[in-house]
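Hi everyone, thanks for making time. I'd like to walk you through a structure that may be new to you, so let's put it up on the screen.

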Amino acid sequence: MSRDWSLLLGMLLALLACVLLWVLHGALMDQPGPRLADLAAANVPYSGVSNPVTSVLLNFRAYDTLLELAVVLAALLGIWALGPAVPGFQPSGPVLASMVSWIVPLLILAGGYMLWVGGHAPGGAFQAGALLGAAGVILRLGGDPRAGLPDETMQRWLAVAGTAVFTLVGLALAAAGEGFLTYPTDWAKWLILLIETAATIAIGVTLAAAYVGGRP
Amino acid sequence: MILFALGIWSFLSHEALLRKLIAFNVMGGGVFHVFIAVAYRGDTAPPDPVPHALVLTGIVVAVSATALALALGGRAQDAADHD
């Protein structure tokens, strides 16, 4: 791209940025309209968890989260469809190897803690899944060509686990007459925990497998 | 907002795929920051959880989309090398 075009583009985008800033400023300084926050905060006690973000994610807007898990799964399927993974790296030296053997169990432990703590403080399935995925990335960097993942069939089952459990819970609730993904208050905590556990494993496996970057 | 504008500029003006991807993620980062800031409801009230949940969802989607784009880009590079 020539220099003149680049300059023109820069000026136009600076203008766009100013317009966006002005709009945002106007929208925020204006008297704020009714927001979902009050509705969400009022319903947190009935959602089965006490962390408002988790209750929005897994209860009030569970559809979003279900579809998000489907998006993550679709991305992994796309990566797998592109062919086999490139071979792994050479085995690591003793320093890196011992660090890996220390950090991976710690990451898995921290992932489990994150999953549980999501009920009442910041945390939850995505953070825990990201930690599990990070454990996979570290294993792969340390020389394990499969990033610590099980064999192909098992990987496929684990990767769909999140979406499958989520959908099955939703359908079971619909069959029980509650409506799709409308949890009864008494069971909400355990249903959310079940879904989050499956989602954590699925996200961790998916991220690690995406890092491997090819069909197992 | 500045991050968003910088990201668009970089996305449009650089040719390399990797740079475009990074630029796209910078754009996304700008949007996420705006969302988190919008959740502020004054010093006394707790922040609005809905935008926070949306950002959390968005981050995971952005990561997986980036992974897919990287795999596609690498594959396209391989194909171009073989020709």
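Between chain B and chain A, about 2800 Å² of area is buried, and carbon and sulfur atoms give 79% of that. Please keep in mind that this is a predicted model.

Who takes part in the contact? Chain B brings 29 residues and chain A brings 33 residues.

Let's stay with chain B for a moment. On the side that touches chain A, three helices of chain B each supply at least two residues: α1 (2–13), α2 (17–38) and α3 (49–82). Which of them gives the largest share? That is α3(B), with 16 residues. If you sort the residues on this side of chain B by character, you get 22 nonpolar, 4 polar and 3 charged.

And what about polar links across the contact? The count of salt bridges between chain B and chain A is 0. For polar contact, the count is 1 residue pair, with both residues at pLDDT 80 or more.

Now, over to the surface of chain A. Here W5(A), L8(A), L12(A) and L15(A) make a nonpolar patch of about 450 Å². To find it on the screen, look for helix α1 of chain A, residues 3–29, where L12(A) sits.

So, to recap the contact: 79% of the buried area comes from carbon and sulfur atoms, and 22 residues on chain B's side are nonpolar. Thanks for listening!

Definitions and conventions:
Residues are numbered from 1 along each chain as its sequence is written. Chains are lettered from A and ligands numbered from 1 in the order in which they are written. This is a predicted model: local features need pLDDT of at least 70, side-chain atom pairs count only at pLDDT 80 or more; totals for chains, interfaces and linings use all residues. Side-chain values use heavy atoms; hydrogens and water are left out. Contact means heavy atoms within 4.5 Å. Buried area is the accessible area (1.4 Å probe) that two parts lose on being put together, summed over both. A salt bridge is a side-chain nitrogen of Lys or Arg within 4 Å of a carboxyl oxygen of Asp or Glu. A polar contact is a pair of N or O atoms within 3.5 Å; within protein, one must be able to donate a hydrogen and the other to accept it, and residues adjacent in sequence count only if both atoms are side-chain atoms. Helices (H or I, at least four residues) and strands (E, at least two) are DSSP runs, numbered from the N terminus. Ala, Val, Leu, Ile, Met, Phe, Trp, Tyr, Cys and Pro count as nonpolar, Asp, Glu, Lys and Arg as charged, and the others, Gly among them, as polar. Patches are made of residues with over 30% relative accessible area and no salt bridge: like charges are joined within 9 Å, nonpolar side chains (Val, Leu, Ile, Met, Phe, Trp, Tyr) within 5 Å. Accessible areas come from the Shrake-Rupley method with a 1.4 Å probe; for residues, only the protein chains shown count as cover.
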